[in-house]
Amino acid sequence: MPAGSLALLTQGAVVSLLLAAGAIIGGTLLAILLAAMAFSRFAAVRIVYRVYVYIVRGTPLLVLALILFYAMPALDLRTGPYIAGTLVLIIYTGALFAEVFRGGVLAIPRPQWESARSLGLPPLAMFRKIVVPLVTRYTLPSYVNVCVMTVKASSVLSIISVWELTLAAREIIERTFAVFTILGLAAAFYFVMCFGIDRLGRMLERHLALRGFAGVRA
Amino acid sequence: MIAIRGLQKSFGAVQVLHGIDLDIADGEVVALIGRSGCGKTTLLRCINFLEEYEAGEICLDGEPLWYRPGSDGARRRVPEAEARRMRQQMGIVFQQYNLFPHMTVLDNVVLGPRFSQAVSAPEAEALGRRLLARVGLEGKMAAYPAQLSGGQQQRVAIARALAMRPKVLLFDEITSALDPELVGEVEDVIRSLLSDRIMMVLVTHAVGFAREVAHRIAYIADGAIAELGPPSEVLDRPKDPGLKEFLRRVRA
Amino acid sequence: MSFTRWVTIYGPTYATALVWTAITALAAACGAIVWGCLLLLLRLSGGGWGARAVDGYVQLFRNTPVLLPIYLIYFAFPLIGLPWPAVVCGTLALILQNGAYVSEILRGSVNAIDRVQFDAARSIGLAPWSTFRKIVLPQVLVYSIPALGNQIVLLLKDTSLLSAISITELTMQAKLLTEQTGAAYEAFIVVAVLYLVLVSGTEVAFRVTHRAVRWL
């Protein structure tokens with residue numbers, strides 16, 4: 001197997017990781033906004049949230065990406081495939097993270113809300129010292145799960161010619177027909193990334209559990 | 001002092017409170033007893049506005065709480081910031097899940113003073129230590145709630161409520177979820193508070209304990225105060241037939 | 001061109017693609033459930049190495065994207081003398097991938113259901129295979145219906161990836177129509193709506209089944 005292939009695959013893996021990282025950061029920020037919408041006082045805002053989540057979760061990622069890429073040429077022309085690809089992933093993971101956060105907020109027992117209100121905590125303090133820490137601890141396993149899903153989802157972008165690990169592998173295969181080795185290596189790269197994220201997540205959970213809070217890992 | 005006049009509260013189509021009138025003098029302890037669903041917890045939660053109510057007035061030391069006539073004369077909720085200020089004058093302890101599990105015991109207690117009352121960190125910590133010593137848990141300052149027993153958690157919750165220097169303490173069946181052998185330590189703390197002469201309102205099933213600590217007991221039935229008076233009268237010489245039945249059941 | 005005109009002209013084209021999507025999804029779903037049950041059996045009866053083997057298999061498919069098995073089977077099988085049609089390759093890949101998740105779902109159900117029942121069955125002398133078939137499997141399957149429903153929905157959406165190996169299911173069809181007519185908006189939005197209908201339909205079907213079975 002030519003050494004060049006390994007270098008290409010490594011580059012591809014780095015690109016996949018960067019795509020996923022961008023999507024996770026952007027998706028988390030978007031999800032905080034969406035989750036806030038999910039709990040809005042205004043029914044119209046809550047409906048917008050539900051419709052958004054329904055559409056994004058009910059449509060395959062590939063179709064969403066194609067809609068964005070081909071049906072909105074303005075986006076495609078002005079921005080490179082990577083930005084557009086990250087954007088699609090952000091839209092996708094934003095919905096997934098939002099549902100995770102929403103579940104976390106709903107999991108907070110009512111007396112905790114009421115204790116915080118009864119202490120007269122101003123909204124910023126309540127968010128910073130109560131909501132964020134509690135939601136983080138409740139949702140950590142699911143959050144890590146979505147992160148792993150994002151890394152795997154990045155491979156879908158290969159179908160719309162975003163060059164990352166899967167596309168790199170496919171291109172090499174079409175040239176050299178070394179199907180087993182190349183796909184084996186690609187699988188190994190993905191495995192290391194996904195498994196690594198999962199392990200990091202478990203370490204973080206254990207660290208948080210040591211601080212007296214029992215996690216909810218099944 | 002607290003003055004409640006004509007308090008009415010409905011959940012949807014069901015009216016739960018049918019016009020409550022109650023006065024609580026400075027330093028007085030009032031126990032609310034009654035069957036499940038009679039409205040005693042709802043009444044408690046209206047006092048610190050965890051529940052909204054449709055009609056009636058609650059005044060603390062002469063200041064009307066929670067609602068104010070708007071510029072058009074209609075009844076309006078006070079702004080959120082003011083509601084927060086009003087709430088700080090009352091401490092509440094719930095049946096369970098009081099404490100924030102991700103913070104140490106001391107952090108739980110100083111949270112209110114530090115972030116709602118802008119007390120400085122060293123001052124808040126000193127206050128926290130004093131109160132925890134008072135409820136007998138000074139040694140558990142650095143522990144997390146999950147490491148404490150139910151009774152200990154409730155005692156910390158009381159310390160946390162006291163840290164806000166409230167004018168009134170509200171207790172919502174705080175020993176109902178505890179194993180029997182842990183109830184005593186919590187009741188001890190409440191006994192020790194009597195000398196502070198803070199107003200207290202206790203919703204409780206423990207009629208014996210109510211007899212001991214309350215100055216007056218209110219028996220609530222169907223959303224109204226059916227009988228009100230000192231324990232010797234309400235518990236030993238009940239007049240209301242529902243109350244007689246209730247006490248018979250509780251004692252049997 | 002307006003949507004209604006678009007739909008009337010290309011309705012039949014979409015319909016064929018829809019059938020392909022539905023068939024592959026159904027075949028893959030049945031295959032994945034059967035394969036997942038077999039993996040569960042291997043885990044329960046294979047002793048130490050059985051459980052470890054299944055764990056390894058599950059971890060492998062959990063931490064790699066589903067496109068890789070699809071490409072592997074599609075490109076590799078002709079090379080090892082199995083020139084199967086793309087549809088079969090794609091469906092097989094989906095079965096292998098989703099079988100792993102199904103076995104995990106079933107494993108969770110096994111852990112949740114009272115072990116006493118299984119022990120009782122073994123102690124009255126039922127042979128392992130009978131125990132599995134008559135006692136374990138039915139209960140586990142019924143308990144797993146909601147989680148299986150979620151997984152099948154994911155599988156349904158993954159059929160769109162078969163367009164990467166030129167299977168003419170819904171997503172591929174939309175791409176073809178876009179290239180033919182240039183009407184990207186219409187092509188893809190109709191497909192998105194069709195997917196939403198399929199997904200919602202599947203979710204409803206599982207909810208109804210779950211409720212119906214709990215009645216029994």
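Author: Two strands pair if DSSP finds at least two bridges between them. With that in hand, we can look at this predicted model, starting in chain B.

Reader: How do you know that strand β1 and strand β2 of chain B pair?

Author: Eight bridges link β1(B), residues 2–11, to β2(B), residues 14–24. The cut-off is at least two bridges, so the two strands count as paired. Their sense is antiparallel. To see one place where they meet, find B:Leu7, which stands opposite B:Ile20 in β2(B). The hairpin that these strands make has two residues between them, and there B:Gly12 takes a positive phi near 65 degrees.

Reader: What makes β1(B) and strand β4 of chain B a pair?

Author: The same kind of count. Five bridges join β1(B) to β4(B), residues 55–60, and the cut-off is at least two, so this is a pair as well. The two strands run antiparallel. Here B:Ile2 stands opposite B:Leu60 in β4(B).

Reader: Why is the six-stranded sheet of chain B called open, and what stands at the edges?

Author: The order of the strands is β8-β9-β10-β3-β11-β12. β8 (90–93) and β12 (224–229) of chain B stand at the edges with a single partner strand each, so one side of each is left without a neighbour in the sheet. Neighbouring strands are turned against each other by 20 degrees on average, direction ignored. The pairing in this sheet is mixed. One parallel case is β3 (residues 29–33) with β11 (residues 216–221) of chain B, over four bridges. In that pair, B:Ala31 has B:Ile217 in β11(B) as its bridge partner.

Reader: Which strands of chain B does helix α5 touch, and what angle does its direction make with that of β8(B)?

Author: Helix α5(B), residues 150–162, packs on the sheet and touches β8 and β9 of chain B. Its direction makes about 170 degrees with that of β8(B). Angles over 145 count as roughly antiparallel, so α5(B) is roughly antiparallel to β8(B). Helix α1(B), residues 40–47, lies across β3, β8, β9, β10 and β11 of chain B.

Reader: Why is α2(C) called oblique to α4(C)?

Author: In chain C, the axes of helix α2 (residues 47–62) and helix α4 (residues 86–112) cross at roughly 120 degrees and come within 9 Å. That angle is outside the range of 65 to 115 for roughly perpendicular and is not over 145, so α2(C) is oblique to α4(C). The crossing is left-handed. Among the residues that meet there are C:Tyr57 and C:Phe61 in α2(C), and C:Leu96 and C:Ala100 in α4(C). By class, this contact has six nonpolar, two polar and two charged residues.

Reader: What makes B:Arg197 exposed?

Author: B:Arg197 has 11 other C-beta atoms within 10 Å. A residue is exposed at 12 or fewer, so B:Arg197 falls in that class. Its place is in the loop between α6 (180–193) and β10 (199–203) of chain B, and its phi is near 55 degrees, a positive value in a residue other than glycine. Most residues other than glycine have a negative phi.

Reader: How do you know that C:Ser166 counts as exposed?

Author: Set its neighbours against that cut-off: C:Ser166 has 10 C-beta neighbours inside 10 Å, and 12 or fewer means exposed. You will find C:Ser166 in the loop between α6 (128–158) and α7 (170–181) of chain C. Although C:Ser166 is not a glycine, its phi is positive, about 65 degrees.

Reader: How do you know that no contact joins chain B and chain C?

Author: The closest C-alpha atoms of chains B and C lie 25 Å apart. A contact needs C-beta atoms within 7 Å, and no contact joins these two chains. Two pairs of chains do touch, and the most contacts are between chains A and C.

Reader: How many residues of chain C and of chain A does their contact take?

Author: It takes 28 residues from chain C and 28 residues from chain A. On the side of chain C, α8(C) gives the most, with nine residues. That side divides into 20 nonpolar, six polar and two charged residues. For the other pair, 23 residues of chain B are in contact with 21 residues of chain A. There α3(B) provides the largest share of the side of chain B, four residues, and the classes are 12 nonpolar, eight polar and three charged.

Methods: Residues are numbered from 1 along each chain as its sequence is written. Chains are lettered from A and ligands numbered from 1 in the order in which they are written. This is a predicted model: local features need pLDDT of at least 70, side-chain atom pairs count only at pLDDT 80 or more; totals for chains, interfaces and linings use all residues. Ala, Val, Leu, Ile, Met, Phe, Trp, Tyr, Cys and Pro count as nonpolar, Asp, Glu, Lys and Arg as charged, and the others, Gly among them, as polar. Axes are lines fitted to C-alpha atoms, for helices over the stretch in contact, and angles run from 0 to 180 degrees between N-to-C directions. Angles under 35 degrees count as roughly parallel, over 145 as roughly antiparallel, 65 to 115 as roughly perpendicular and the rest as oblique. A crossing is left-handed if the near helix is turned anticlockwise from the far one by less than a right angle, and right-handed if clockwise. A residue is buried if 20 or more other C-beta atoms lie within 10 Å of its own, exposed if 12 or fewer, and partly exposed in between; C-beta atoms are placed from the backbone.
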